[in-house]
Structure formats: C-alpha cells, structure tokens
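Please open the model in your viewer and keep the sequence panel beside it. This tour moves from one selection to the next and says what to look for at each stop.

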Amino acid sequence: MIDWNRVKILRTELGAENFADVVGLFLDEMETELPKLPHADTQSELVDLLHFLKGGALNLGFTEFSELCQDGETKATGHGPQDVNIGQIVASYHQSRACFVDGLDKFDAD
C-alpha cells in the first residue's frame, strides 16, 4: 500500500522538517481535491483530477492509491467517467492515509 523505501528516500533528501512540510501539503491537497471526484462533470475534469491525485500519491509512496488513480485516468480517457470506480479510489486513499500516518509514527521512532 505504501512504498516505505520511497518515503525514506524522500525524507533523507528533504530533511525531517521539510519532509513534514511536504507531508502536510500533500495531505491538505488530497483532502481538498479528493472530494471533487464524485462531482467531476466532464471527462476532461475527471482525467485531470485523477492525474493530479496520482502525481501527489506517487511522490509520497502511496502506491495502491496511485495505481487506482492511473487505472481510473486510463478508463476515463478511453471509455468515459462511467467506468471509473470512484468509491474504490476514495476508499484506497483513506486506507493508505491511515497506514501512512501510522507508519510515520513508527518511522519517526526509529
């Protein structure tokens, strides 16, 4: 669900303080953008939103969530929004977020 090697590399590259800022920004962006998914009115809007979510997720190691966003982006591009399982994408984010936050606590304790 989470690529902890990616998290470790990013934290090492940024330093603990900057990493915390990036995590905060990412979580804020996800909480702002994710609720827009069910209300994306056009194919283009949905594709753009999924692409944005996927990019942020990849940067922070949310592998399952990013893969579902990629799959949704591909389906929306090829077949339209009706083939995108938005509920699954949203659920994956919330599960990934919980796993990530819990893992960060353990990560910080090391």
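A disulfide is counted here when a pair of cysteine sulfur atoms lies within 2.5 Å. Keep in mind throughout that this is a predicted model.

**Stop 1: the cysteines**

Select Cys69 and Cys99 and show their side chains. The sulfur of Cys69 is 16 Å from the closest cysteine sulfur, which belongs to Cys99, and that is too far for a bond. Taken from the other end, the sulfur of Cys99 has its closest cysteine sulfur in Cys69, again at 16 Å and too far for a bond. By this rule the count of disulfides comes to 0. The surroundings of the two residues can be looked at next: Cys69 counts as buried, because its relative accessibility is 0%, whereas Cys99 is partly exposed, with a relative accessible area of 31%.

**Stop 2: the whole chain**

Now zoom out and switch to a cartoon view of the protein chain. How many helices and strands does the chain have? There are 5 helices and 0 strands, and reading along the sequence gives the pattern α-α-α-α-α. The radius of gyration of the protein chain is 14 Å, close to the 13 Å that the globule rule gives for 110 residues, so the chain is as compact as a globular protein of that length. If you turn the C-alpha trace along its principal axes, it spans about 45 × 20 × 20 Å.

With a surface view switched on, the accessible surface of the protein chain comes to about 6200 Å², and 52% of this belongs to carbon and sulfur atoms. Of the 110 residues, 37% count as buried. Among the contacts in the chain with a separation of 6 or more, 68% are accounted for by residues 24 or more positions apart. Colouring by charge brings up 8 positive and 20 negative charges, whose mean positions are 5 Å apart.

**Stop 3: Leu50 in helix H3**

Select helix H3, residues 43–59, and find Leu50 within it. Leu50 is buried, with a relative accessible area of 0%. Which residues does Leu50 touch, leaving aside its neighbours within four places in sequence? Leu50 is in contact with Leu37, Cys69, Gly72, Glu73, Val84 and Ile89, so the list includes the buried cysteine from the opening stop. To follow one of these partners, draw a line between the C-alpha atoms of Leu50 and Leu37, which are 13 residues apart along the chain and separated by 8.0 Å.

**Stop 4: Glu73 and Ser66 in helix H4**

Move on to Glu73, another partner of Leu50, which is found in helix H4. Is Glu73 buried or exposed? Glu73 counts as buried, because its relative accessible area is 12%, and the cut-off for buried is under 20%. Setting aside residues up to four places away in sequence, Glu73 touches Val47, Leu50, His51 and Lys54. Leu53 offers a further distance to draw, since Glu73 and Leu53 are 20 residues apart in sequence and 10 Å apart in space, C-alpha to C-alpha.

Stay in helix H4, which covers residues 63–78, and select Ser66. Ser66 counts as buried at 4% relative accessibility. Beyond residues up to four places away in sequence, Ser66 touches Lys54, Ala57 and Leu58. Lys54 therefore appears among the contacts of both Ser66 and Glu73.

**Stop 5: Ser92 in helix H5**

For the last selection, go to helix H5, residues 86–109, and pick out Ser92. Ser92 is buried, with a relative accessible area of 1%. With residues up to four places away in sequence not counted, Ser92 touches Glu64, Phe65 and Leu68.

How values were computed
Residues are numbered from 1 along each chain as its sequence is written. This is a predicted model: local features need pLDDT of at least 70, side-chain atom pairs count only at pLDDT 80 or more; totals for chains, interfaces and linings use all residues. Side-chain values use heavy atoms; hydrogens and water are left out. Helices (H or I, at least four residues) and strands (E, at least two) are DSSP runs, numbered from the N terminus. The radius of gyration is taken over C-alpha atoms; the globule rule is 2.2 Å times the number of residues to the power 0.38. Buried means under 20% relative accessible area, exposed over 50%, partly exposed in between (1.4 Å probe, protein chains only). Contact means heavy atoms within 4.5 Å. Accessible areas come from the Shrake-Rupley method with a 1.4 Å probe; for residues, only the protein chains shown count as cover. Lys and Arg count as positive and Asp and Glu as negative; His and the chain ends are not counted. The place of a charge is taken as NZ of Lys, CZ of Arg, CG of Asp or CD of Glu.
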